[in-house]
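Trainee: I'm new to this one and would like to zoom in on a single part. Could you walk me through how the helices pack against each other, residue by residue?

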Amino acid sequence: MNHREKDQHWSLESLTKAYQQGYMAGLAGHSSDAQPFADSVPAAAWEAGWVDGEGQRRLSAEKINRAAPNPSTTKKRA
């Protein structure tokens, strides 16, 4: 086992969990500054999840805004 292999404290499961936590943080609108990992590999997984979650949150917000009627363009009946 070389030095690099010994320093890796992460697994596929832990990286998946980090990604999911980042995704949920992005989806909830939390700042990317909330990234909780010191190690660069899980931090990168969290950040990738955050970017995806933030993107999904923005898409959902745009879809809701397009579906909502615009009060200035709807006619009022007298």
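Mentor: Let's start with Ala43, which sits in helix H3. Keep in mind that we're looking at a predicted model. Ala43 has a relative accessible area of 12%, and because that is under the 20% cut-off, Ala43 counts as buried. Leaving aside residues up to four places away in sequence, Ala43 touches Gln35 and Phe37. Now look across to Leu15: its C-alpha atom and that of Ala43 are separated by 8.8 Å, with the two positions 28 residues apart along the chain.

Let's step back for the overall layout. The protein chain has 3 helices and 0 strands, so its elements read α-α-α from the N terminus on. Of the 78 residues in the chain, 17% are buried. Take the contacts between residues at least 6 apart in sequence: 71% of them join residues at least 24 apart.

Now for the packing itself. H2 and H3 meet at an angle of about 35 degrees, and their axes are 6 Å apart. The crossing of H2 past H3 is right-handed. On the H2 side, the contact is made by Leu15, Ala18, Tyr19, Gln21, Gly22, Tyr23, Ala25, Gly26 and Leu27. On the H3 side, the residues include Val41, Pro42, Ala45, Trp46, Ala48, Gly49 and Trp50, and also Asp52, Gly53, Glu54, Gln56 and Arg57. Sort the residues of this contact by type and you get 12 nonpolar, 6 polar and 3 charged.

Some of those names come back in the largest nonpolar core. That core has 6 residues: Leu15, Ala18, Ala25, Ala45, Trp46 and Trp50. The elements giving two or more residues to the core are H2 and helix H3, which covers 40-67. As background, nonpolar side chains in soluble globular proteins tend to be buried together. Ala45 is a handy one to click on here, as Ala45 touches Leu15, Ala18 and Tyr19, again not counting residues up to four places away in sequence.

Tyr19 takes us to the aromatic rings. There is 1 aromatic pair by the rule used here. The partners are Tyr19 and Tyr23, with ring centres 6.4 Å from each other and 25 degrees between the planes. Planes under 30 degrees apart count as stacked, so this pair is stacked. Both tyrosines belong to helix H2 (residues 12-27), where they are 4 residues apart, about one turn of the helix. What about their exposure? Tyr19 has 30% relative accessibility and Tyr23 has 23%. Buried would need a value under 20% and exposed one over 50%, so Tyr19 is partly exposed and Tyr23 is partly exposed too.

Asp52, found in helix H3, ties in with that pair. Setting aside residues up to four places away in sequence, Asp52 touches Tyr19 and Tyr23. The C-alpha atoms of Asp52 and Tyr19 are separated by 9.3 Å, and the two residues are 33 apart along the chain. Asp52 is partly exposed, because its relative accessible area is 39%.

Glu54 is another residue of helix H3. Glu54 is buried, because its relative accessible area is just 9%. With residues up to four places away in sequence left out, Glu54 touches Gly26 and Leu27, and both of those are on the H2 side of the contact.

Finally, take a look at Thr16, which lies in helix H2. Thr16 is partly exposed, because its relative accessibility is 35%. Its C-alpha atom and that of Pro42 are separated by 8.8 Å, although Thr16 and Pro42 are 26 residues apart along the chain. Pro42 is one of the H3 residues in the contact with H2.

Terms used
Residues numbered from 1 in each chain as written. Predicted model: local features only at pLDDT ≥ 70, side-chain atom pairs only at ≥ 80, totals over all residues. Heavy atoms only, no water. Phe/Tyr/Trp six-rings, centres within 6.5 Å; stacked < 30°, edge-to-face > 60°. Buried < 20%, exposed > 50% of the residue type's maximum accessible area, 1.4 Å probe, protein only. Core = buried A, V, L, I, M, F, W, Y, C linked by side-chain atoms within 4.5 Å. Contact = heavy atoms within 4.5 Å. Axes fitted to C-alpha atoms, helices over the stretch in contact; angles between N-to-C directions. Left-handed = near helix turned anticlockwise from the far one by under 90°. Nonpolar A, V, L, I, M, F, W, Y, C, P; charged D, E, K, R; others polar.
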